[in-house]
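This report describes the strands of a protein model and two of its loop residues. Please consult the sequence and structure shown below.

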Amino acid sequence: MKTNIEDVPALLLRLHAGERAAPAISFHRGRKLAGSLAYGELVERVERAAATLCRMGVRAGDRVALAAGNGLELPVWLLALWRVGAVAVPLNPAGSNGDWKHVLEHAGARGLLASAELADAPVAR
């Protein structure tokens, strides 16, 4: 049986028609709300991220490593990868360089997406 997940953003909007302003995702740091996106915002960010992936040459079936901590970037990039038909290869944000190297070599990842907080972190962990 084939599952069709080709258009996750459109599915979200169809399921939540008329709820573009309703909260779709949120995350907390401790008990404090640290960020949230409404359905309309989520879909717009996913579409922009998917377009960026396409401009970068990511195609259906490509494996792309994804390193992101808790935040809004993780679900946006994950949905964008699915949108273009790519496969997300999750990396532990707290992992060592050796851990990442092992996963990247064995997964055959074509690229790496890292959240802003990890992109600014020192290379050696």
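Leaving aside residues up to four places away in sequence, D62 touches G57, A86, V87 and R110, where contact means heavy atoms within 4.5 Å. This is a predicted model, in which local features need pLDDT of at least 70, side-chain atom pairs count only at pLDDT 80 or more, and totals for chains, interfaces and linings use all residues. Residues are numbered from 1 along each chain as its sequence is written, and side-chain values use heavy atoms, with hydrogens and water left out.

The table sets D62 beside S115; buried means under 20% relative accessible area, exposed over 50%, and partly exposed in between (1.4 Å probe, protein chains only). Helices (H or I, at least four residues) and strands (E, at least two) are DSSP runs, numbered from the N terminus.

| Residue | Loop | Relative accessibility |
|---|---|---|
| D62 | between α2 (39-55) and β3 (63-67) | 17%, buried |
| S115 | between β5 (111-114) and α5 (116-119) | 3%, buried |

With the same sequence neighbours not counted, S115 touches A67, A68, G69 and E73.

Three strands form an open sheet in the order β4-β3-β5, with parallel pairing; two strands pair if DSSP finds at least two bridges between them. Strands β4 (87-91) and β5 stand at the edges with a single partner strand each, so one side of each lacks a neighbour in the sheet. Four bridges link β3 and β5 in the parallel sense, and V64 stands opposite G111 in β5.

Elsewhere, β1 (residues 23-29) and β2 (residues 32-38) run antiparallel and are joined by six bridges. R29 has K32 in β2 as its bridge partner. The two strands β1 and β2 form a hairpin with two residues between them, and G30 in the turn has a positive phi of about 70°.
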